[in-house]
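Here is a walk through one protein model, from a single loop residue to the core and the strands around it. Keep the structure open as you read.

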Amino acid sequence: MLRGVFCLVVLSLVFASGAWAGERDWIGSVHVGSAEILDDVAFLDWQLGSGLPYNFQPPAVGEQSLYLFQAQLRAFLDSERSALPAAGLNDAYEITLVAQVEELFTEVAFADVSGDGVDDSMLVTMRPIGGKMYILLDDFSNGVPAHTASGQGFGDGQIIAELEIVEGVGTFAQRAESTDGEGVTSMIAKVLWYDDSFFTAGIGKVKRKGKGKGKDEIRYVRFDSVHVAPAAPVETTAFFNDANGIFPAIPVHYPPLLQRVKVFSQFWTTAPVRLGEDGD
Ligand SMILES: [Ca+2]
Ligand SMILES: [Ca+2]
């Protein structure tokens with residue numbers, strides 16, 4: 001029965017995030033090492049990752065929470081969302097994503113999903129309002145392979161993109177007297193820096209449209225994610241558990257709150273039109 005409410009929530013989010021549609025997508029090439037070049041990359045498809053509302057309190061409107069996330073890349077996708085063949089990915093090298101997202105609770109509502117007159121679910125709506133994300137390339141020369149159970153190897157390697165979260169909308173429907181639930185989030189991050197020897201325009205569609213060189217720069221990244229608790233099969237005991245990682249390590253004290261998170265990301269060459277405005 002929760003699914004009905006969840007579908008409504010998803011629909012409202014799709015509608016809300018539709019305000020961000022029509023931005024100019026970045027479609028370009030990625031370079032891994034000196035020899036490999038992959039063209040027409042439009043989306044990044046991340047493996048099922050671990051997520052955690054870290055300093056979680058019973059959500060109240062106006063309160064903030066910190067959300068932790070780590071995952072490794074599953075595939076580079078073209079504009080048709082087909083996986084591109086990437087020799088050596090998750091073998092000779094890996095791409096990882098680590099994030100600390102600041103979220104503001106904007107709505108907390110209770111719902112009688114089962115229809116028996118007793119509220120049985122809590123619907124929480126939140127806005128990502130800040131925080132940092134990093135995309136890292138690790139050829140294992142100074143990092144280790146990502147390992148979900150221990151949380152090691154996600155925050156090491158070489159930074160290829162540094163992002164600041166600026167806008168978004170998310171919701172989570174949690175069953176009463178349970179930590180089970182599911183939700184979705186759409187989020188925009190501003191690119192503070194990226195490695196232009198890894199991501200290059202000029203071979204993909206951006207160049208073929210004949211636009212100016214500066215307009216081929218990656219300026220924003222959109223992330224769309226689905227969150228489900230419990231977290232199996234991506235339970236972890238720590239986030240950013242790296243010897244020389246980008247974030248300090250954070251042990252997990254709240255296993256029931258862990259979530260499994262599926263993320264897709266897309267690069268933009270322009271700012272979102274409605275940046276800073278309400279997404280709903
Ligand atoms: Ca009920
Ligand atoms: Ca690594």
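Start at glutamate 177. This residue is exposed, because 7 other C-beta atoms lie within 10 Å. The cut-offs are these: a residue is buried if 20 or more other C-beta atoms lie within 10 Å of its own, exposed if 12 or fewer, and partly exposed in between, with C-beta atoms placed from the backbone. Glutamate 177 sits in the loop between β8 and β9. Its phi is near 55 degrees, a positive value in a residue other than glycine.

A word on the basis of all this. The model is predicted: local features need pLDDT of at least 70, side-chain atom pairs count only at pLDDT 80 or more, and totals for chains, interfaces and linings use all residues. Residues are numbered from 1 along each chain as its sequence is written, while chains are lettered from A and ligands numbered from 1 in the order in which they are written.

Phenylalanine 140 also has a positive phi, about 70 degrees, although it is not a glycine. Its place is the loop between β7 (121-138) and β8 (158-175). It counts as partly exposed, because it has 14 C-beta neighbours inside 10 Å.

Now the overall picture. The protein has two helices and 14 strands. Helices (H or I, at least four residues) and strands (E, at least two) are DSSP runs, numbered from the N terminus. Of the 280 residues, 41% are buried. Take contacts next: two residues are in contact if their C-beta atoms, placed from the backbone, lie within 7 Å. Among contacts between residues at least 6 apart in sequence, 74% join residues at least 24 apart.

How far does the predictor trust its own model? pLDDT is the predictor's confidence in each residue, from 0 to 100. The protein averages 85, and 83% of the residues score at least 70. Among the elements, strand β12 (residues 238-239) has the highest mean pLDDT, 98, and helix α2 (residues 205-208) the lowest, 40. Over residues 203-213 the pLDDT is below 50, and this stretch has 20 contacts in the model beyond near neighbours in sequence. Residues 275-280 also stay under 50. For them the model has 12 contacts beyond four places in sequence.

Turn to the interior. In soluble globular proteins, nonpolar side chains tend to be buried together. A nonpolar core here is a set of buried Ala, Val, Leu, Ile, Met, Phe, Trp, Tyr and Cys residues joined through C-beta atoms within 7 Å. The largest has 52 residues. Phe69, Leu97, Val98, Met133, Ile135, Ala189 and Val221 touch the most other members. Strand β5 (residues 64-77) gives this core its largest share, six residues. Leaving aside residues up to four places away in sequence, phenylalanine 69 touches Gly49, Gly51, Ala99, Val101 and Val261. There is also a second, separate core of five residues, including Leu123, Val124, Met126 and Ala173.

Follow the strands next. Two strands pair if DSSP finds at least two bridges between them. Strand β3 (residues 43-46) pairs with β5 in the antiparallel sense over four bridges. One of the partnerships puts aspartate 45 with alanine 75 in β5. Three bridges join β3 to β14, and these two run antiparallel. There, phenylalanine 43 stands opposite glutamine 266.

Strand β14 (residues 259-268) in turn pairs with β11 in the antiparallel sense over nine bridges. Valine 221 has phenylalanine 267 in β14 as its bridge partner. β11 also pairs with strand β9 (residues 181-194), antiparallel over 10 bridges. Here lysine 190 meets tyrosine 220 in β11. Seven of the 10 residues of β11 (residues 220-229) are buried, so this strand is largely enclosed by the rest of the structure.

Look closer at arginine 260, in strand β14. Arginine 260 is buried, because 20 other C-beta atoms lie within 10 Å. Its C-alpha atom is separated by 5.3 Å from that of valine 228, 32 residues apart along the chain. Not counting residues up to four places away in sequence, arginine 260 touches Leu48, Val228, Ala231 and Val234.

Finish in the loop between β11 and β12, home to proline 230 and proline 233. A cis peptide bond joins alanine 229 and proline 230, with omega about 5 degrees. Another cis peptide bond joins alanine 232 and proline 233, where omega is about 10 degrees.
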